[in-house]
Number of protein chains: 4
Amino acid sequence: MENTMDLQDMLNMLGQIYEKQMPFHRLLGIRIVNLTPDDVRVRIDMREELIGNFARRILHGGVISAVLDLTGGLIAFAELMTHLGAMPLDELTKRFARASTIDMRVDYLRRGEGEYFIASGSVLRRGNKVTVVRTELTNDKNLLIAAGTGTYLII
Amino acid sequence: MENTMDLQDMLNMLGQIYEKQMPFHRLLGIRIVNLTPDDVRVRIDMREELIGNFARRILHGGVISAVLDLTGGLIAFAELMTHLGAMPLDELTKRFARASTIDMRVDYLRRGEGEYFIASGSVLRRGNKVTVVRTELTNDKNLLIAAGTGTYLII
Amino acid sequence: MENTMDLQDMLNMLGQIYEKQMPFHRLLGIRIVNLTPDDVRVRIDMREELIGNFARRILHGGVISAVLDLTGGLIAFAELMTHLGAMPLDELTKRFARASTIDMRVDYLRRGEGEYFIASGSVLRRGNKVTVVRTELTNDKNLLIAAGTGTYLII
Amino acid sequence: MENTMDLQDMLNMLGQIYEKQMPFHRLLGIRIVNLTPDDVRVRIDMREELIGNFARRILHGGVISAVLDLTGGLIAFAELMTHLGAMPLDELTKRFARASTIDMRVDYLRRGEGEYFIASGSVLRRGNKVTVVRTELTNDKNLLIAAGTGTYLII
């Protein structure tokens, strides 16, 4: 199953870029917990700088929308890679640099209380150019904190 | 016009809390450029940590959605204060801690290139409980980078 | 289990109002296929007047968003009734006339081909005033045609 | 200015198709009040069948979202035609049949009271494939009833 190996290698590399080479992802402190064709999970740990309230220890809404957006984009791009299979590294890099979010909706469902949070999601539509992804953020008690829907241009 | 004075004093205090007492706002480095009943403007300067691409110097989509969300919330709360007029400080504080975003849509219109960005907006609906705000982010060349619509629970 | 009976009677009455007393619902030709506390399903049959294309027999996007909106509202109101339990008829009627959609997002995922369509959904958030519902429309082959998220004011 | 003439002729033809050849548009009873490159306005008259409430004479939310969706699509397609200039009729027809809404957000701002309503809007983003349009619905007193943002695939 060399082809599958290649795909997983590529996904791993994508995960590394996501975690380590994108400055805002480092500032947030996200970690890719899992990145396989069928399951993408991103974790963010609560810490002082991410608090969005002057009175309570809750995650800022902007952190929540950022994590849902970047997780949705990762899912959309991983879907493309899975669909296209192995490709030369420089083509992968070019496509990744070109990918972008077109629009996003976030629903804030519960206050962001917890010591860590997990973002995951699934593809609703994979088109030629446009991919739609639904995402969710849960806390360390597995309570649903927020839900998102993002439309991504992946070409 | 003592009443107007009081309102502007309260808005100034709100601006101080927004800039200095909310940890994630400090991490982003936002500044309240103007906060009067009819005009709210929030500025964020580009810097290395806010970049969302490994190849290009553009603002991360998550920074954009965070700034639009916090600006919309500020506009919604300033509208409430303007409408209610002067109130005791502890009531103001309680209401502010209770305010929250219900949902938000962001449209990413252009790549986030620029040395600084300005977020502004206007109230579409001010209800008893729910306030809807349209927001926009422009860059230092006054190009529209993103547009948002947020629904806020302000009670 | 008289209480449960009352609730189901009330839900049945709500379903009758929805189908028969709201003029636009009659114009669309929706039918309440199921309306129990845990499962709400609304059906619409394809017919000539609902076509949205001059060349192809597909459901108009406006029909899709209308059906998702009205299904989400029905789910939100049924949730309230289930939560509050039996109430006097005139209070039910008043609350129902007051209920309204605050905002909605619809994602159109596939062309609306099919002889009939089923809308269903589930509550994401039930607050004191604001209820958020995710909805889906599938066709007669159980393919997902569209997905929605609506925020409702139910007081 | 023969070229401009051609464009306006094409827009007029598009308006005719929109009003007369799309069955759901006829069911709603929309009329194209103006369709020029810079100004698109669609009118819908209140009538019994469009009511969304059993107690009050207000426009159904589904009618509102349908009219905003179809107006946004018309604006997106008129923008494409204005940009591309004159094209053979069969190419125009093919492109039009292919155009579709990707997603839409609607904010319901006021109850839909009025004898008639006007939908209009403007392009936020015109890309190679994806066009984003903001729309508004006002009533006969020029009060803002609803606001929308739609993302359209126009290729």
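**Figure 1. Where chain A meets chain B.** About 3000 Å² is buried between chain A and chain B, and carbon and sulfur atoms give 62% of that area. Three residues of chain A deserve a look here: Phe24(A), Phe54(A) and Tyr108(A) supply 22% of the area that chain A buries against chain B, more than any other three residues. The structure shown in this and every other view is a predicted model. In terms of residues, the contact draws on 37 from chain A and 37 from chain B.

**Figure 2. Polar and charged pairs between chains A and B.** Let us turn to the paired groups. The interface of chain A and chain B holds 15 residue pairs in polar contact, both partners being at pLDDT 80 or more. Several elements of chain A take part in the side that touches chain B: α1 (2–21), α2 (23–28), α3 (61–84), α4 (89–98) and β3 (100–108) each supply at least two residues. The largest share, eight residues, comes from β3(A). Sorted by class, this side of chain A has 18 nonpolar, ten polar and nine charged residues. Two salt bridges cross the interface of chain A and chain B. In a salt bridge between the two chains, the side chain of Asp103(A) meets that of Arg105(B), at 3.2 Å from N to O.

**Figure 3. Strand β3 of chain A beside strand β3 of chain B.** The view follows β3(A) and its partner, strand β3 (residues 100–108) of chain B; the two run antiparallel and are joined by five bridges. To find your place along the pair, start from Asp107(A), whose bridge partner in β3(B) is Asp103(B).

**Figure 4. A salt-bridge network with members in four chains.** Which residues are linked in this network of salt bridges? They are Asp103(A), Arg105(B), Asp107(B), Arg105(C), Asp107(C) and Asp103(D). For context, a search of the whole structure finds 52 salt bridges over all chains.

**Figure 5. Two salt bridges within chain A.** Glu19(A) and Lys20(A) meet through their side chains in a salt bridge, 3.8 Å from N to O. Is Glu19(A) buried or exposed? With 18% relative accessibility, Glu19(A) counts as buried, because the cut-off for buried is under 20%. Its partner Lys20(A) is partly exposed, at a relative accessible area of 46%. Elsewhere in the chain, Glu115(A) forms a salt bridge with Arg57(A), and their closest N and O atoms are 3.6 Å apart. Glu115(A) sits in the loop between β3 and β4 (116–126) of chain A, while Arg57(A) sits in the loop between β2 (39–45) and α3, so this pair ties together parts that are 58 residues apart in sequence. Glu115(A) is partly exposed at 46% relative accessibility, and Arg57(A) is partly exposed with a relative accessible area of 40%.

**Figure 6. A salt bridge between two strands of chain C.** Here the side chains of Arg31(C) and Asp45(C) come together in a salt bridge, 3.1 Å from N to O. Arg31(C) belongs to strand β1 (residues 30–36) of chain C and Asp45(C) to strand β2 (residues 39–45), so the pair ties together parts that are 14 residues apart in sequence. Arg31(C) has a relative accessible area of 40% and is partly exposed; Asp45(C), at 28% relative accessibility, also counts as partly exposed.

**Figure 7. The surroundings of Gly121(C).** Gly121(C) is found in strand β4 (residues 116–126) of chain C. At 33% relative accessibility, Gly121(C) is partly exposed. What does Gly121(C) touch, if residues up to four places away in sequence are not counted? The contacts of Gly121(C) are Val40(C), Ile75(C), Arg134(C) and Thr135(C). As a ruler for the view, the C-alpha atoms of Gly121(C) and Phe96(C) are separated by 19 Å, the two residues being 25 apart along the chain.

**Figure 8. Where chain D meets chain C.** Chain D and chain C bury about 3000 Å² between them, with 62% of it on carbon and sulfur atoms. The contact takes in 37 residues of chain D and 37 of chain C. Two salt bridges cross this interface, and the side chains of Arg105(D) and Asp103(C) meet in a salt bridge at 3.2 Å from N to O. Strand β3 (residues 100–108) of chain C and β3(D) run antiparallel and are joined by five bridges. Along this pair, Arg105(C) stands opposite Arg105(D).

Conventions
Residues are numbered from 1 along each chain as its sequence is written. Chains are lettered from A and ligands numbered from 1 in the order in which they are written. This is a predicted model: local features need pLDDT of at least 70, side-chain atom pairs count only at pLDDT 80 or more; totals for chains, interfaces and linings use all residues. Side-chain values use heavy atoms; hydrogens and water are left out. Contact means heavy atoms within 4.5 Å. Buried area is the accessible area (1.4 Å probe) that two parts lose on being put together, summed over both. A polar contact is a pair of N or O atoms within 3.5 Å; within protein, one must be able to donate a hydrogen and the other to accept it, and residues adjacent in sequence count only if both atoms are side-chain atoms. Helices (H or I, at least four residues) and strands (E, at least two) are DSSP runs, numbered from the N terminus. Ala, Val, Leu, Ile, Met, Phe, Trp, Tyr, Cys and Pro count as nonpolar, Asp, Glu, Lys and Arg as charged, and the others, Gly among them, as polar. Two strands pair if DSSP finds at least two bridges between them. Buried means under 20% relative accessible area, exposed over 50%, partly exposed in between (1.4 Å probe, protein chains only).
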